Each structure stands twice: as C-alpha cells, then as structure tokens.
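Student: I am new to this structure and would like to go through it step by step. Could we begin with how two of its helices pack?
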Amino acid sequence: MYRGTKDIKLPTTITGSLPRPSWYTENLGTRHFLEAMVSRRFREQYEDALTCYLRDQELAGLDIVTDGDCRFDDDVGGQSWTAYPPNHMSGLDAAHPEPTPAGRGGIAFSRGHILHDYLESRVMPVITGPIGRGNLQYTAMWKAAQRFTEKPVKFGAVSAEIVAFALQDRHYKSVPDRMFAIADAFNEEYHELADAGCPVIQIEEPQIHLIAVRKIQDKVITPQLMVEVFNRTVKGLRAKTEVWAHSCWGNPSQQRMFAQVQSYKPALETYNTVDADVITFESSSSGGIDLEAIGKTITGKKIAIGVIDHHTLQVESPDEVAEKIRAALKFIPPERLVISTDCGMGREGMSRRHAFYKMVSLVLGTNIVRKELGLPLAECLAADERYSLVMAAK
Ligand SMILES: [Zn+2]
C-alpha cells in the first residue's frame, strides 16, 4: 500500500547510503546493534552521524529520507551492504569467515581493476545450519532514525540472492534453497519492521535485470527465480506498508558493474511481476534510454527514476534535473513518478558535500517541474538566499 509516497506529488528521495563523516570511526563488526549501542563512544558517533545524514536530507528538502545506511562499517567498496546480514543472522559461523569464490553471482573482475579489491573483500561467514533472522535488528535501527525526524524514513537493505551468492554453504542442498531460506528470514524481519510503523521498505538489487542482461546460461538461476525470491521476501508486507524494489547497475566504490551502459529492456516484463508498490530505475547515467520502455511496460506501480548520477562528482544542475524529469513525464504520468538518485552515494569515493549538493539539486530541479505543473514546492533551506553569507554586490 502507498504510505511514504501517498499524497505527495513528485515525491523526492535518495536510494539510501550517504558518505560517512570522517570522524565516524566506530564500526559494528560482528557486534549486534543493541549491544554496540551500550558503548558510549559507539552510541555517540552513530547518533551524531545519523543526525548529520537526516539533517542534510531535510536541509535539501527531500520528502522521504533514509538513515544513510548508518549501520555499515567503513569497508572496501561498501562491502557491509552485503556482509551485514550474514554477520548478524543465525545459522552462520561469523567467527570463521571465508572468501567468496570467484565468479559467484556472475561478478568477475581481473586483478588491476578497482572492483577486484571489492571481490577480495567478500570475506563472509559460512552457513552451518538453518538460517534465521538472528540479530538483524532492522526495527531498532529504523526506530533510531525515525525518532530523530518528522519525515518518513525509508529502510532499505540488500536482496536475499546477493547474500546467497556471497556465502559458502555447508547446510543447504541447492542455491535456490539457500536463497529461499534467507528470503524467509528477511520476511520475518520486515514484518516486525512494518508492524513497528516503517512507512517504506526497500529491497535493494533483486538480480532480475543483471541476470537478464548477462544472459547466464543457467536453467536454475533465472530472472524468474529472482522474482520468486523477491516475492517471498516481501510476502504479506504490502498489506501493511509500502514496498520498493530498487534496481541499478552497480555502485561499489561508486563503480558500474559493466563497462558499457546497459538497457533494462530484456528484464522489464519480468520485473513488472514483482510484488512491489514502487520500482526504482537507474536512469541518469544511462541518459534515460529506457524511459519509454519503462513507462510502457511497468504498470500498476509507481516508478522512481534516478535523476542524479552516483558515479560522478560533477553536481547536476537543477535545470538538468528538471530536464530529466520532463523526459520521464513524456512516458510516466506525474501521479506515478517518484524522483530519486540512480543509487546510493555512500559506498566509497564521494565527499559529503558532493552528496549534499546533489540532493539540493535534486529538490531544486523537481521544484522547477512542480512549478510548471502547478504543484506545491518543497522548502529547500540549503538554497534560501536570505541565509547566504556572501555580501550583496554594490
Ligand atoms: Zn543501487
């Protein structure tokens, strides 16, 4: 059901992660969140970082905010995005992690490529028994963020299949069995989160489009299986809250997973069968090549387009953002369009100021189009001239 985006025209948000403040030096590791929050030093740094993430989004004027993925450690390429669940779920041996074999999930980069470091940092707990939600504690993290802001806080986390691809397994008989077990554990966790009041739950990177374009000759690991895993992860959730499926073409170390720009077209019909209220598409870095196909194929759901490129440091101008929104409006009606970033900006490489001004442009550009459509504008305190410290010219 629509909750976070209900009643907002052209709602604005980001995918999730934001660059870590340099002074946020604490890491969770394998400690669980509530255990770490007992430590004065961890609690202070976590809550201060969270406050910065939320305040930056409020100053920019975003409608739906995130906790900036505050739980993640300062890992190579933001590996915590994948490693957080296995390090905190039950049925895994977190004390004796093992490297992920090459090629898992169709990801391979040779030595000399920046993402080879990312592959080397896939050192994950091993599955030794039935997987359970353990100490994921998503509800506690969402509450820790939502109690600091009046804006709706979207909670996002990695898909079950990405975690399944990364793990060594001494328990399940097949890869789908492993994926479904993780999906079921996530589902239990998300129900607690929805029951606690979380207005948007975002499942990040179901591998539907990546498997479709890689054309992996595998009779088992198919885009349809990824839909099955997604739908099992979110089963029953839409009766309680708003569910998003986030898709992009990669962001570890702010890199794409492919050398060339990819098209979503081979995956769109399958993607449209996910049990979600909103699907997000990376649209900015690709120049919006798929907007027409997305508008035609994705039905009965809202569509979030990326108008900000997370791979580049050049801050998009509000006019550029407005142009991308107008291009999307040719194929997607305004009541079904959500404005976002291509992906998260916090998985290594971007400064906090770059991310901040990208969010400001996102809102200012959306305001340009809102004005054209006669819609209410968002307040963007970050761009309010009354508070400029530069003296007026004489
Ligand atoms: Zn992404």
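Tutor: Certainly; please note that this is a predicted model. The axes of helix H12 (residues 318-329) and helix H13 (residues 352-373) come within 7 Å, and they cross at roughly 55 degrees.

Student: What does that angle make H12 relative to H13?
Tutor: The angle makes H12 oblique to H13. The crossing of the two helices is right-handed.

Student: Which residues make the contact?
Tutor: From H12, they include Pro318, Val321, Ile325 and Leu329, and from H13, Leu362, Gly365, Ile368 and Glu372 are among them.

Student: How do the residues of that contact divide into nonpolar, polar and charged?
Tutor: In the contact of H12 with H13, 10 are nonpolar, 3 are polar and 3 are charged.

Student: Turning to the metal, what coordinates the zinc ion?
Tutor: The zinc ion is coordinated by NE2 of His246, SG of Cys248 and SG of Cys343, at 2.0 to 2.3 Å. The spacing of these donor residues in sequence is H-x1-C-x94-C.

Student: Is His246 buried or exposed?
Tutor: His246 counts as buried, because its relative accessibility is 2%. Cys248 also counts as buried, at 2% relative accessibility.

Student: Now a different topic: where does Val76 lie?
Tutor: Val76 lies in the loop between strand E1 (65-66) and helix H3 (80-88). With a relative accessible area of 38%, Val76 is partly exposed.

Student: What does Val76 touch?
Tutor: Leaving aside residues up to four places away in sequence, Val76 touches Asp117, Tyr118, Ser121 and Glu348. Val76 and Arg347 are 271 residues apart in sequence, while their C-alpha atoms are 8.2 Å apart in space.

Notes:
Residues are numbered from 1 along each chain as its sequence is written. This is a predicted model: local features need pLDDT of at least 70, side-chain atom pairs count only at pLDDT 80 or more; totals for chains, interfaces and linings use all residues. Side-chain values use heavy atoms; hydrogens and water are left out. Axes are lines fitted to C-alpha atoms, for helices over the stretch in contact, and angles run from 0 to 180 degrees between N-to-C directions. Helices (H or I, at least four residues) and strands (E, at least two) are DSSP runs, numbered from the N terminus. Angles under 35 degrees count as roughly parallel, over 145 as roughly antiparallel, 65 to 115 as roughly perpendicular and the rest as oblique. A crossing is left-handed if the near helix is turned anticlockwise from the far one by less than a right angle, and right-handed if clockwise. Contact means heavy atoms within 4.5 Å. Ala, Val, Leu, Ile, Met, Phe, Trp, Tyr, Cys and Pro count as nonpolar, Asp, Glu, Lys and Arg as charged, and the others, Gly among them, as polar. Donors are N, O and S atoms within 2.8 Å of the metal (3.2 Å for Na, K and Ca); water is not among the atoms, so sites may look incomplete. Buried means under 20% relative accessible area, exposed over 50%, partly exposed in between (1.4 Å probe, protein chains only).
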